[in-house]
Amino acid sequence: MVSLEAVQVQEVQVDDSEATSAFGTKEYWDDVYAGRGDFPSDEYSWYYGWETISKYFREHVDGSDKTQGTNGDDQQPNILVPGIGNDPILLDLLNAGYTKITAQDYSGRLSYNF
Amino acid sequence: MFVPFFCFIKEHAIERQQDLLYYYGGNHEIDLYQSDVRVLPEEWTGQFDAILEKGLLDAVYLSGGNNAEQAAQSLVRTLRPGGVFISVSGVVPEDQRKELFKDMEWVRDGSKDLKAGCFIFRKPLQDSVKTSSPSCSH
């Protein structure tokens with residue numbers, strides 16, 4: 001079963017008036033995830049994905065060897081994935097056995113008006 | 001604007017992640033937050049064993065000002081001492097990256113990676129300010 005522990009939203013106000021690229025503006029990213037941008041809105045993995053990152057993750061994150069253990073979640077590393085966007089790496093982390101994850105992004109639905 | 005009731009529009013990043021997790025199913029405890037990375041909650045201080053960011057610092061850097069400094073400080077604050085920060089990044093200039101993470105132990109310098117660099121930093125166990133010239137070990 002799916003249990004989203006919590007979904008917290010707050011309107012995020014950012015000052016990107018000094019942005020040096022469209023990539024640095026919230027409007028750009030809101031548009032991407034709404035299907036109006038230059039990248040797929042369903043999912044997109046920036047640069048490269050778990051196939052490349054996993055070896056570093058397993059080598060350097062303490063507790064990586066405990067994800068398959070039976071000791072419960074308290075043995076799991078507590079992972080933060082900021083700027084998650086529509087990156088499927090959350091699913092990769094879940095598939096790899098990590099279950100204690102917090103993900104964050106500044107792009108959300110609240111800025112959208114019909 | 002009239003929106004038919006069956007037109008269930010999923011907007012933006014957080015909602016997209018909700019979709020992905022819904023289709024994934026299974027048991028997990030995933031918290032999703034919409035927030036400003038420069039001002040992460042105080043109660044997150046020292047809470048995380050690992051941070052994995054892909055392109056976030058790059059986008060924040062491109063937003064100008066001192067946003068990258070604020071974001072890096074905010075993220076490092078949420079790491080426990082000894083925690084690991086994995087940063088996949090290709091836009092932040094290397095001299096600025098050295099400044100942003102000068103108080104971190106450089107576990108892996110990704111600046112020579114062919115694609116975006118995979119940088120790995122570890123938060124020191126004690127608040128000893130390191131004079132770091134990044135050294136890399138692959």
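## Two chains and the packing between them

The buried residues of α3(B) pack against β2 of chain A, and within chain B they also pack against β2, α2, β3 (79–89) and α4 (94–100). This description rests on a predicted model, and it begins with that helix before turning to the chains and the contact that joins them.

Which residues of α3(B) are buried? They are B:Asn67, B:Ala68, B:Ala71, B:Ala72, B:Leu75 and B:Thr78. Seen down the axis of α3(B), these buried residues fall within an arc of 130 degrees, so they line one face of the helix. In helix α1 of chain B, the buried residues are B:His12, B:Ala13, B:Ile14, B:Glu15, B:Arg16, B:Gln17 and B:Leu21. The table sets out the spans of these two helices, and in each case the distance between the end C-alpha atoms agrees with the span expected at 1.5 Å a residue.

| Helix | Residues | Expected span | Distance between end C-alpha atoms |
|---|---|---|---|
| α1(B) | 12–24 (13 residues) | 18 Å | 19 Å |
| α3(B) | 67–78 (12 residues) | 16 Å | 17 Å |

**The two chains**

Chain A holds three helices and three strands, and from the N terminus on its elements run β-α-α-β-α-β. Of the 114 residues in chain A, 35% are buried. Among the contacts of chain A between residues at least 6 apart in sequence, 41% join residues at least 24 apart.

Chain B has four helices and five strands, which follow the pattern α-β-β-α-α-β-α-β-β along the sequence. Its 138 residues include 43% that count as buried, and among its contacts between residues at least 6 apart in sequence, 68% join residues at least 24 apart.

**Where the chains meet**

How many residues does each chain bring to the contact? Chain A brings 62 residues and chain B brings 54 residues. On the side of chain A that touches chain B, at least two residues come from each of β1 (4–8), α1 (26–33), α2 (50–60), β2 (79–82), α3 (89–95) and β3 (100–105). The largest share of that side, six residues, is supplied by β3(A). Sorted by class, the side of chain A that touches chain B has 35 nonpolar, 17 polar and 10 charged residues.

Strands also link the two chains, since β2(A) is joined by two bridges to strand β2 (residues 48–54) of chain B, and the two strands run parallel. Within this pairing, A:Leu80 has B:Ile51 as its bridge partner in β2(B).

**The nonpolar core**

In soluble globular proteins, nonpolar side chains tend to be buried together. In this model, the largest nonpolar core has 56 residues, of which A:Ile79, A:Val81, A:Leu90, B:Ile51 and B:Ile86 touch the most other members. The element that gives the most to this core is α2(B), with six residues. Leaving aside its neighbours within four places in sequence, A:Val81 is in contact with A:Ile89, A:Leu90, A:Ile101 and A:Ala103, and also with B:Leu52 from the other chain.

B:Leu56 lies in helix α2 (residues 56–62) of chain B. Why does B:Leu56 count as buried? The cut-off is 20 or more other C-beta atoms within 10 Å, and B:Leu56 counts as buried because it has 27 C-beta neighbours inside 10 Å. Once neighbours within four places in sequence are left aside, B:Leu56 is in contact with A:Pro82, A:Gly83 and B:Val37.

Methods: Residues are numbered from 1 along each chain as its sequence is written. Chains are lettered from A and ligands numbered from 1 in the order in which they are written. This is a predicted model: local features need pLDDT of at least 70, side-chain atom pairs count only at pLDDT 80 or more; totals for chains, interfaces and linings use all residues. Two residues are in contact if their C-beta atoms, placed from the backbone, lie within 7 Å. Ala, Val, Leu, Ile, Met, Phe, Trp, Tyr, Cys and Pro count as nonpolar, Asp, Glu, Lys and Arg as charged, and the others, Gly among them, as polar. Two strands pair if DSSP finds at least two bridges between them. A residue is buried if 20 or more other C-beta atoms lie within 10 Å of its own, exposed if 12 or fewer, and partly exposed in between; C-beta atoms are placed from the backbone. The expected span of a helix is 1.5 Å times one less than its number of residues. A nonpolar core is a set of buried Ala, Val, Leu, Ile, Met, Phe, Trp, Tyr and Cys residues joined through C-beta atoms within 7 Å. The arc is that of the directions from the helix axis to the C-beta atoms.
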